[in-house]
Amino acid sequence: MLTSKQRAELRAEANTLETTLMVGKGGVTEQVLSEARTQLEARELVKGRVLETALLSAREASDAICTGIGAEGIACVGSKFVIYRRSEKKAQEAAQKARAEKKKHSNPVRRGAQQRRKAAREERERRNEFFRQSAIQAAIEKRIEQANKKK
């Protein structure tokens with residue numbers, strides 16, 4: 001269910017859309033429903049028109065299409081109507097685009113500082129490991145010397 005503000009935004013967005021769905025004298029047929037499904041999956045917002053030869057009003061056609069495919073009616077003016085259904089494909093594309101934009105706009109100074117800190121940490125770990133191994137080796141040699149002196 002959409003709020004009135006969301007519907008108003010969608011109506012404003014629909015002003016620039018071309019009419020792509022036509023309901024003719026056959027009414028709301030399975031072909032019209034399947035075409036509406038494909039268009040809604042591709043663009044989420046579809047503007048339709050009821051031809052003069054149809055025996056339906058724009059409101060009736062819009063309601064029939066909405067109940068048939070699970071969409072929501074946004075507006076009906078004259079012989080034109082606008083329907084909306086959220087598309088998972090579009091939502092995933094938008095999320096992916098947002099993630100790409102976020103990665104693109106990261107701070108280069110911060111990124112450089114992070115890389116320097118990481119390199120310094122790796123160098124410290126490498127140095128500590130070297131000294132740890134040296135200390136272990138020295139302890140082993142000392143014990144061997146002590147064992148040789150006792151003999």
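The lining of the largest pocket is made up of 6 nonpolar, 1 polar and 3 charged residues. The model is predicted. The volume of this pocket is about 160 Å³. Its lining consists of R11, A14, N15, K47, A75, C76, V77, K80, F81 and V82. Helix 1 (4-14), strand 3 (72-77) and strand 4 (80-84) are the elements that each give two or more residues to the lining of the largest pocket.

Strand 4 also figures in the pairing of strands. Strand 2 and strand 4 are antiparallel and are paired over 5 bridges. In this pairing K47 lies opposite V82 of strand 4. Both K47 and V82 belong to the pocket lining. Strand 3 likewise runs antiparallel to strand 4, and 5 bridges join the two. Here C76 faces F81 of strand 4 as its opposite residue. C76 and F81 are also lining residues of the largest pocket. Further along, G73 has I83 in strand 4 as its bridge partner. Strand 3 and strand 4 make a hairpin, with 2 residues between them. In the turn, G78 has a positive phi of about 60 degrees.

Burial of strand 4 was examined next. Of its 5 residues, 4 are buried, so strand 4 is largely enclosed by the rest of the structure. In a regular strand, side chains alternate between the two faces of the sheet. Residues of strand 4 appear in two separate cores. F81 and I83 belong to the largest nonpolar core, whereas V82 is included in a second, separate core.

The largest nonpolar core holds 17 residues. Those touching the most other members are L21, V23, V50, I65, I69, F81 and I83. At least two residues of this core come from each of strand 1 (19-23), helix 2 (30-43), strand 2 (45-50), helix 3 (58-69) and strand 4. Helix 3 makes the greatest contribution to this core, with 5 residues. The second core has 8 residues, among them L10, A14, A75 and V82. Of these, A14, A75 and V82 also line the largest pocket.

V23 illustrates the contacts of a residue in the largest core. Beyond its neighbours within four places in sequence, V23 is in contact with V28, V32, R49, V50, L51, A54, A61, I65 and F81. Among these partners, V50, I65 and F81 are, like V23, listed with the core residues that touch the most other members.

Two loop residues were then considered. S87 sits in the loop between strand 4 and helix 4 (88-104). Its relative accessibility is 1%, so S87 counts as buried. Apart from residues up to four places away in sequence, S87 touches L40, E41 and E44. E44 is itself a loop residue, placed between helix 2 and strand 2. E44 is also buried, because its relative accessible area of 18% falls under the 20% cut-off. The phi of E44 is positive, near 70 degrees, in a residue other than glycine. The contact of S87 with E44 thus links the loop after strand 4 with the loop that separates helix 2 from strand 2. Over a longer range, S87 and K142 are 55 residues apart along the chain. Their C-alpha atoms are separated by 72 Å.

How values were computed. Residues are numbered from 1 along each chain as its sequence is written. This is a predicted model: local features need pLDDT of at least 70, side-chain atom pairs count only at pLDDT 80 or more; totals for chains, interfaces and linings use all residues. Side-chain values use heavy atoms; hydrogens and water are left out. On a 1 Å grid over the protein atoms alone, a cavity is a set of points where a 1.4 Å probe fits but cannot get out, and a pocket is an open set with protein on both sides within 12 Å along at least five of seven lines; lining residues have an atom within 4 Å of a point. Grid points are joined across faces, edges and corners, and a volume is the space filled by probe spheres set on the points. Ala, Val, Leu, Ile, Met, Phe, Trp, Tyr, Cys and Pro count as nonpolar, Asp, Glu, Lys and Arg as charged, and the others, Gly among them, as polar. A nonpolar core is a set of buried Ala, Val, Leu, Ile, Met, Phe, Trp, Tyr and Cys residues joined through side-chain atoms within 4.5 Å. Buried means under 20% relative accessible area, exposed over 50%, partly exposed in between (1.4 Å probe, protein chains only). Contact means heavy atoms within 4.5 Å. Two strands pair if DSSP finds at least two bridges between them.
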